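Reader: Hey, got a minute to walk me through this one? I'd like the main features before I head back to the bench.

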Amino acid sequence: MPGIDKNLTFHPLNIAILTISDTRTLETDASGALLAKRLQAAGHQLEDRQIVRDDIPAIRHQVKLWAEDERVDVILSTGGTGFMERDLTPEAVRPMLDREMDGFAVLFHLASQQTVGISTLQSRALAGQIGNSFIFCLPGSPGACSDGWDMILALELDSRHRPCSLAGVIRRLMHGCV
């Protein structure tokens with residue numbers, strides 16, 4: 001049965017949070033703050049947290065910096081996944097992916113459908129791997145970030161999750177995770 005095996009060792013991941021917004025600051029960024037609080041409560045390390053404007057070169061620049069930083073295992077982005085003219089996160093990130101994690105979008109929509117109904121169709125959430133880092137692009141609302149973390153990422157990023165966890169393919173943990 002899938003779930004957390006408390007007999008196994010928890011291996012914390014180093015996670016960076018990127019908020020994509022033309023209007024938010026660190027003080028007004030409720031979604032980034034929610035993700036930071038949730039990942040730290042789960043025992044992971046908040047490696048960095050930044051805000052960039054809805055601009056493809058700005059998004060790519062920050063993602064590239066973190067993807068090339070050996071200290072960053074996972075990048076969580078919030079914002080820019082909708083259908084407004086300035087929602088550019090998928091266009092910025094998708095070409096950078098070495099591998100796309102198609103199942104994340106499917107699971108995100110299933111989870112989100114439970115809380116926002118059919119409105120989940122207005123999200124273009126995506127995930128994948130860039131080099132040795134994984135990136136998960138969530139919508140910009142705190143509710144969507146809560147759905148994404150609580151119903152998917154909290155489990156998938158926990159090294160004790162069975163039958164497997166993404167932590168097992170993080171290069172620095174490959175030999176420490178079963």
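Author: Sure, we can go through the sheet, the pocket, the salt bridges and a few local details. Keep in mind that this is a predicted model.

Reader: Let's start with the sheet. What's the strand order?

Author: The order is 3-2-4-7-6-5, in an open sheet of 6 strands with mixed pairing.

Reader: Which strands stand at the edges?

Author: Those are strand 3 (45-52) and strand 5 (99-100). Each has a single partner strand, so one side of each is left without a neighbour in the sheet.

Reader: And strands 6 and 7, parallel or antiparallel?

Author: Antiparallel: strand 6 (residues 126-130) and strand 7 (residues 133-138) pair over 5 bridges. One of the contacts to look at is Ile130, whose bridge partner in strand 7 is Ser133.

Reader: OK, switching to pockets. How much space lies in the largest pocket?

Author: About 390 Å³. Helix 4 (102-116) and helix 5 (142-156) are the elements that give two or more residues to its lining.

Reader: Which of those gives the largest share?

Author: Helix 4 does, with 4 residues of the lining.

Reader: Which residues lie nearest the pocket's centre?

Author: Thr81, Gln122, Pro139, Gly140 and Ser141, out of 24 lining residues.

Reader: What's the lining like by class?

Author: There are 13 polar, 7 nonpolar and 4 charged residues in the lining of that pocket.

Reader: Back to the outside, then. Which residues make the nonpolar surface patch?

Author: Val106, Leu107 and Leu110 make a patch of about 280 Å². Val106 is found in helix 4, the helix that also gives the largest share of the pocket lining.

Reader: How many salt bridges does the structure hold?

Author: It holds 11. Among them is Asp22 with Arg86, where the closest N and O atoms are 3.1 Å apart.

Reader: Where do Asp22 and Arg86 lie?

Author: Asp22 lies in the loop between strand 2 (14-20) and helix 1 (30-41). Arg86 lies in the loop between strand 4 (74-78) and helix 3 (89-93), so the pair ties together parts that are 64 residues apart in sequence.

Reader: Last one: the peptide bond from Arg162 to Pro163, cis or trans?

Author: That bond is cis, with omega near 25°. As for location, Pro163 is found in the segment after strand 8 (161-162).

Reader: Great, thanks!

Note on methods: Residues are numbered from 1 along each chain as its sequence is written. This is a predicted model: local features need pLDDT of at least 70, side-chain atom pairs count only at pLDDT 80 or more; totals for chains, interfaces and linings use all residues. Side-chain values use heavy atoms; hydrogens and water are left out. On a 1 Å grid over the protein atoms alone, a cavity is a set of points where a 1.4 Å probe fits but cannot get out, and a pocket is an open set with protein on both sides within 12 Å along at least five of seven lines; lining residues have an atom within 4 Å of a point. Grid points are joined across faces, edges and corners, and a volume is the space filled by probe spheres set on the points. Ala, Val, Leu, Ile, Met, Phe, Trp, Tyr, Cys and Pro count as nonpolar, Asp, Glu, Lys and Arg as charged, and the others, Gly among them, as polar. Patches are made of residues with over 30% relative accessible area and no salt bridge: like charges are joined within 9 Å, nonpolar side chains (Val, Leu, Ile, Met, Phe, Trp, Tyr) within 5 Å. Accessible areas come from the Shrake-Rupley method with a 1.4 Å probe; for residues, only the protein chains shown count as cover. A salt bridge is a side-chain nitrogen of Lys or Arg within 4 Å of a carboxyl oxygen of Asp or Glu. Two strands pair if DSSP finds at least two bridges between them.
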